[in-house]
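Work through the exercises below with the model on screen. Try each task before you read its solution.

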Amino acid sequence: MAHPFNRLLLATEHSEYDDGAERVALAMAARCGLPLAVVLPLTSNPEFESVAPQLAAQAEAQAAVHLQALQAAARVAGVTLQSRVRRGPEPDQEIVAEARDGGSDLIVTRRRGKRGFFARLLVGEMVSRVVAHAPCSVLLVPRAGAMWSRAVLLALDPQAEAAQRGLQTDTAVAVAAECGLPLQVVAVAEVDEAAARAAVDAALAVARARDLPCQGSVRRGKVHEQIVAAADAAQADLIVMGRHSAALGGRAFLGGTAQKVIGLAERPVLVVIAKEIQA
């Protein structure tokens, strides 16, 4: 059976905030028998480093230590690691570039780092930019996150294009089927309850065609709150949803609903993005 994802990229700084992402990425690679690519981004300021070159050398040495620790963890998990340090002024740009250069179909990264503490519902600034500009799907894992083992929740936007919902559905069904987990489908009706019900029914039809145990519901209320509540009710330990993107000065952005769900949900959130769709 084909895996939902075949070219995994772990983006990490090997800090305490990256523990969950590293744990899940290694578990996914081990389960599927896949190699795991790793990118460790280093912030680079050539002008400053020319004045204090010892700082750049220290950063490089620390990165080497981090990668050695990851290699050791990979050996224990039986995973082949392909690691790379990338230097640049913006870490998110290096992560996105590495995903594009390597043809990745999934980036696994943390939910937020030490600079994301100021807003409980927001993902970290760097991570938010990665999701906004990623050329492939992104899995965001909280610090205590682990590989899903109970259920998968698919959260659909009834107002999204049918092709976008179809991609999210296919991905969620494939992930749940590979792990032998039930699928819960939810859509929150802000305006048109019939459209929400139609979106749920279409997803359930795809799941049932794969003989996958599934249930669906339509909810009302604040979208992000209802998605998290649905995941809690289903005991789902993975949420699958889409990225809201639009032309805004030539840039994509992480929409409010996805951002709030990622910030609220104490479980991994898979943001499904069609490969090579650019901002």
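**Exercise 1. A residue after a helix**

In which loop is glutamine 235 found? Then decide whether glutamine 235 is buried, partly exposed or exposed, and describe its phi.

Solution. Keep in mind that this is a predicted model.
- Step 1: place the residue. Glutamine 235 sits in the loop between H8 and E9.
- Step 2: judge its accessibility. The relative accessibility of glutamine 235 is 53%. The cut-off for exposed is over 50%, so glutamine 235 counts as exposed.
- Step 3: look at the backbone. Glutamine 235 has a phi near 55 degrees, which is positive, and the residue is not a glycine. Most residues other than glycine have a negative phi.

**Exercise 2. Two more positive phi values**

Which loop holds histidine 14? What is the sign of phi at glycine 33?

Solution.
- Step 1: histidine 14 is in the loop between strand E1 (8-11) and H1.
- Step 2: its phi is positive, about 55 degrees, although histidine 14 is not a glycine.
- Step 3: the relative accessibility of histidine 14 is 24%. Buried would need under 20%, so histidine 14 counts as partly exposed.
- Step 4: now go to the other end of H1. Glycine 33 follows this helix, and its phi is positive, near 65 degrees.

**Exercise 3. Checking helix lengths**

How far does H1 reach from its first C-alpha to its last? Repeat the check for H8: what span should its twelve residues have?

Solution.
- Step 1: H1 covers residues 19-32, which is 14 residues. At 1.5 Å a residue, 20 Å is expected.
- Step 2: H1 reaches 20 Å, close to that expected value.
- Step 3: H8 has twelve residues and should span 16 Å at 1.5 Å a residue. Its end C-alpha atoms are 17 Å apart, which agrees.

**Exercise 4. Buried residues in two helices**

Which residues of H8 are buried, and what covers them? List the buried residues of H1 as well.

Solution.
- Step 1: in H8, the buried residues are Val223, His224, Gln226, Ile227, Val228, Ala230 and Ala231.
- Step 2: their cover includes strand E6 (152-156), E7, strand E8 (214-219), strand E9 (238-242) and H9.
- Step 3: in H1, the buried residues are Gly20, Ala21, Glu22, Val24, Ala25, Leu26, Met28, Ala29 and Cys32.
- Step 4: set this against the whole chain. Of its 279 residues, 51% count as buried.

**Exercise 5. H8 against H9**

At roughly what angle do the axes of H8 and H9 cross? Name the residues that make the contact.

Solution.
- Step 1: the axes of H8 (residues 223-234) and H9 (residues 256-264) come within 9 Å and cross at roughly 40 degrees.
- Step 2: angles under 35 degrees would count as roughly parallel. H8 and H9 are therefore oblique to each other.
- Step 3: the crossing of H8 past H9 is right-handed.
- Step 4: Val223, His224, Ile227 and Val228 of H8 make the contact with Thr257, Lys260, Val261 and Leu264 of H9.
- Step 5: sort the contact residues of H8 with H9 by class. Five are nonpolar, two are polar and one is charged.

**Exercise 6. H6 against H7**

Which residues of H6 meet which residues of H7?

Solution.
- Step 1: the axes of H6 (residues 162-179) and H7 (residues 193-209) come within 10 Å and cross at roughly 40 degrees. That makes H6 oblique to H7.
- Step 2: H6 passes H7 in a right-handed crossing.
- Step 3: from H6 come Arg165, Thr169, Asp170 and Val173, and they meet Ala199, Ala203, Val206 and Ala207 of H7.
- Step 4: this contact of H6 with H7 has five nonpolar, one polar and two charged residues.

**Exercise 7. A residue in a strand**

Is glutamine 184 buried or exposed, and which residues does it touch?

Solution.
- Step 1: glutamine 184 belongs to strand E7.
- Step 2: its relative accessible area is 15%, so glutamine 184 is buried.
- Step 3: leaving out residues up to four places away in sequence, glutamine 184 touches Val152, Leu153, Leu154, Gln215, Gly216, Ser217 and Ala234.

Conventions:
Residues are numbered from 1 along each chain as its sequence is written. This is a predicted model: local features need pLDDT of at least 70, side-chain atom pairs count only at pLDDT 80 or more; totals for chains, interfaces and linings use all residues. Side-chain values use heavy atoms; hydrogens and water are left out. Axes are lines fitted to C-alpha atoms, for helices over the stretch in contact, and angles run from 0 to 180 degrees between N-to-C directions. Helices (H or I, at least four residues) and strands (E, at least two) are DSSP runs, numbered from the N terminus. Angles under 35 degrees count as roughly parallel, over 145 as roughly antiparallel, 65 to 115 as roughly perpendicular and the rest as oblique. A crossing is left-handed if the near helix is turned anticlockwise from the far one by less than a right angle, and right-handed if clockwise. Contact means heavy atoms within 4.5 Å. Ala, Val, Leu, Ile, Met, Phe, Trp, Tyr, Cys and Pro count as nonpolar, Asp, Glu, Lys and Arg as charged, and the others, Gly among them, as polar. The expected span of a helix is 1.5 Å times one less than its number of residues. Buried means under 20% relative accessible area, exposed over 50%, partly exposed in between (1.4 Å probe, protein chains only).
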